[in-house]
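Good morning, colleagues. Please take a moment to look at the sequence and the structure on the screen before I turn to charge pairs and helix packing.

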Amino acid sequence: MNESPAGLAAFAHELADSARAIALRHWRRGLAVERKADDSPVTAADREIEAALRAAIEARFPDHGIAGEEFGRLRPDARFVWSLDPIDGTRAFVSGSPLFGTLVALLRDGAPVLGAIEVPATGERWIGGEGVPAALNGRPVAVRKGRALADAIVGSTSPAMFAGDAAAARAADRLRARAGSPVWGGDCYLYGLLALGGIDLVVECGLSDYDYLAPAAVVRAAGGAMTGWKGEPLGIGSTDRVVAAGDPALHAEAVRLLNGG
């Protein structure tokens with residue numbers, strides 16, 4: 001078992017390769033969609049990908065924990081825990097949109113130290129973490145810095161994610177009103193664009209930890225900042241609201257505005 005940063009990153013690539021093959025076998029093939037207890041959609045592809053990734057982790061790192069969207073937690077108190085979102089953006093996936101992905105994160109002592117954002121349909125993969133420089137398909141990437149909020153591009157997946165929380169909606173609207181322009185849609189792809197330097201902020205709520213742990217590691221490796229809305233560090237179960245920014249000063253300003261400043 002190679003638990004060096006390079007060894008763990010190589011294994012994350014193996015997991016992403018497996019997820020890509022399964023996702024593309026099902027994508028645009030008219031998969032049946034089921035509804036989970038929380039009314040979120042799920043397909044056979046979600047379950048097949050997570051099962052394959054869990055089996056690979058169990059075989060390679062039997063002492064590591066696993067926390068997955070579809071099959072729950074295994075050894076959650078282990079020092080190393082893999083967080084898995086087999087299909088991030090299931091609605092995009094079942095609609096035939098290419099902007100869905102698989103998210104793989106590794107936590108050490110509760111903090112995300114490695115992340116992979118795998119986007120099968122576009123053939124793009126971001127990876128980064130502690131000791132693993134952020135890269136897109138092997139090419140180094142970095143966030144955009146020095147952008148004032150008035151000129152910043154702010155991304156969120158959907159207005160619907162704010163609809164059930166009036167206070168969160170007002171806070172996000174307050175931030176967007178000060179920003180240069182909003183963009184909507186993209187799920188995990190937004191965080192890849194942030195790491196690439198294409199957009200400046202991502203503000204979202206109503207998320208689960210498997211939605212944001214991999215992006216957090218990638219964004220930080222690319223030179224950005226990503227926390228909960230109060231500026232708190234991210235971990236399993238830490239929050240359902242996140243804000244990511246390329247420029248740490250822009251992140252601090254976003255946190256202030258989200259909290260009524």
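E50 and R54 are both buried. I should say at once that this model is predicted. The side chains of these two residues, E50 and R54, meet in a salt bridge, with an N to O distance of 2.9 Å. Both residues lie in helix α2, and because they are four residues apart there, about one helical turn separates them.

Helix α2 takes part in a second pair. Here R47 meets E34 in a salt bridge between their side chains, at 3.2 Å from N to O. This pair links distant parts of the chain: R47 belongs to helix α2, which covers residues 44–60, whereas E34 sits in strand β1, residues 34–35, and the two are 13 residues apart. Is R47 buried, exposed or partly exposed? With a relative accessibility of 29%, R47 counts as partly exposed, because it falls between the limits of 20% and 50%. E34 belongs to that class as well, its relative accessibility being 41%.

The third pair is R73 with D209, whose side chains form a salt bridge at 3.8 Å, N to O. Again, distant parts of the chain are linked: R73 is in strand β4, residues 72–74, and D209 is in helix α7, residues 209–221, with their positions 136 residues apart in numbering. The two partners differ in accessibility. R73 is exposed, at 54% relative accessible area, while D209, at 12%, is buried.

Beyond isolated pairs, there is also a network: D17, R20, E118 and R125 are joined into one by salt bridges that share partners. How many salt bridges does the model contain? The count comes to 16.

Let me now turn to helix packing. Helix α5, residues 166–178, packs with helix α8, residues 248–258; the angle is about 135 degrees and the axes are 8 Å apart. The two helices are therefore oblique to each other, since an angle has to be over 145 degrees to count as roughly antiparallel. Their crossing is right-handed.

Which residues make this contact? From α5 come A171, A172, R174, L175 and R178, and they meet A254, L257 and L258 of α8. Sorted by class, the contact of α5 with α8 comprises six nonpolar residues and two charged ones, with no polar residue.

Thank you for your attention.

Terms used:
Residues numbered from 1 in each chain as written. Predicted model: local features only at pLDDT ≥ 70, side-chain atom pairs only at ≥ 80, totals over all residues. Heavy atoms only, no water. Salt bridge = Lys/Arg side-chain N within 4 Å of Asp/Glu carboxyl O. Buried < 20%, exposed > 50% of the residue type's maximum accessible area, 1.4 Å probe, protein only. Axes fitted to C-alpha atoms, helices over the stretch in contact; angles between N-to-C directions. Parallel < 35°, antiparallel > 145°, perpendicular 65-115°, else oblique. Left-handed = near helix turned anticlockwise from the far one by under 90°. Contact = heavy atoms within 4.5 Å. Nonpolar A, V, L, I, M, F, W, Y, C, P; charged D, E, K, R; others polar.
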